[in-house]
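Below is a short briefing on a two-chain model, starting with the contact between the chains.

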Amino acid sequence: MIRVAAVGDIHMGPESQGTLRPSFETLPDCADVLLLAGDLTRHGTPEEAAVVAREIKDLGVPVVAVLGNHDHHDERPEEVTAILREAGAHVLEGQAAVVTAGDARIGVAGTKGFGGGFVGRCAGEFGEPLMKEFVRYTRRCADGLHGALKDLDQWDCDVRIALTHFSPVPDTLAGEPPEIYPFLGSYLLAEAIDTAGADLAVHGHAHAGTEHGMTSGGVRVRNVAQPVIGQAFHVYNLPGRPD
Amino acid sequence: MTDAAAPPPEGGLDYRVAHLAERLAAGRLGELGVRLETRGDAVLLTGTVPSTECRDEILRLAREELAHHPVHSDLLVAGTSSPDHGEDLT
C-alpha cells in the first residue's frame, strides 16, 4: 500500500510559522509522500515562501508541490520555486518527479493549471487576443500535465498521481457559486489526465468545494484545499502493483 | 467604532460589498476565500481563513468599509490537526 498525504491552500504568512509543523512531523508515521496543491503563500513573496520552506524542511518524507495563483501574485514564481526547492521540495510545472518509499516508486506529474470551465459551459479560444490567450494558457498547462504523465510511463512507477492547483472536474467544486466555476478549473486538465492515465488526481483552489470527485475516465479526484479537508492534510491509501 | 454622527457613505450596498471584496484581495491579506452576501440591510461573511489574525483583520475591514450596516461573521479558522486515518482507494 502506498500512502499519499496531501493539502493545498495553506496560504502561509508571517504569523503562520509553526502552525502546520507539529502535524507535518507526524507524516513519517502515516504517509510515504506529502503533496502540496498550490496556494502555499498569500502573495507569492520570498518572505512568505521562506515561512513555507521552514514548515516543510526535513520532514522525513518527500515533498512534491505545485504553485497556485496566490504564489504568482508577486510575479516572482521562480524565486518562490527556488526557495521551496532549497528546502528539499520537488516543485513541478509541466514536469514529473518520482519519489521512493521502500521499494515503491511514486510518480507525480504536476502543473498549476488554470481556468476556462467545463464542457458545455466553458471559454473558447475565440475573439479578443486576451480571451484567446486565456484559453491557450490553460491548454499549455494541460499539455504539460499530459506530457509529464506520459514521462512517468517510462519510469516504472507503482502509482501515477496528477497534482494541480486548479480543478480538473466540476464535481469537487460543489459548494462554490456555479457562476465562478470557469475561474476554478478546466476540463482540459481532466482530458489530459484521462488520456495519459493516472491513479489519482489531487487539486486545491476551491475553498468552498467538496473533497470527492471523479473524471469521466474514472480517475478519482480529491480537492485537498485546507478549508475543505479541515485538517493539516488528508491521507489516501493506494494499492501498489500486485506482486 | 462607527461614528453615529457621521453621514452614511454614498453608494449602494452592493457596490460597497464589491469594494470590500476588492480591498480584501488587494490588501496584505490577499484574501479571496471569504464569501460576502447581503442579507437585507446586513452583510454576512462566511468562509475559512488561515488564522485568527486574518479573521480579526477581515472583520475590522468589513466593519470599516460597511459602516452603518450590520456585519455578521461566520468565519472559521482552518484546522491544523493530523487525520487519525487515511482513505482507502481500492
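Chain B gives 20 residues to the contact with chain A, and chain A gives 30; residues are in contact if their C-beta atoms, placed from the backbone, lie within 7 Å. This is a predicted model, in which local features need pLDDT of at least 70, side-chain atom pairs count only at pLDDT 80 or more, and totals for chains, interfaces and linings use all residues. Residues are numbered from 1 along each chain as its sequence is written, while chains are lettered from A and ligands numbered from 1 in the order in which they are written.

**Chain B side**
- β2 (42-49) and β4 (87-88) of chain B are the elements that give two or more residues to the side touching chain A; strands are DSSP runs of E, at least two residues, and helices runs of H or I, at least four, numbered from the N terminus.
- That side divides into 5 nonpolar, 11 polar and 4 charged residues (Ala, Val, Leu, Ile, Met, Phe, Trp, Tyr, Cys and Pro count as nonpolar, Asp, Glu, Lys and Arg as charged, the others, Gly among them, as polar).

**Strand pairing between chains**
- Strand β13 (residues 234-238) of chain A and β4(B) run parallel, joined by 2 bridges; pairing requires at least two DSSP bridges.
- A:Tyr236 is opposite B:Glu87 of β4(B).

**Helix packing in chain A**
- Helices α5 (residues 129-153) and α6 (residues 187-196) of chain A pack at about 20°, with axes 9 Å apart; axes are lines fitted to C-alpha atoms over the stretch in contact, and angles run from 0 to 180 degrees between N-to-C directions.
- α5(A) and α6(A) are therefore roughly parallel (angles under 35 degrees).

Methods:
Angles under 35 degrees count as roughly parallel, over 145 as roughly antiparallel, 65 to 115 as roughly perpendicular and the rest as oblique.
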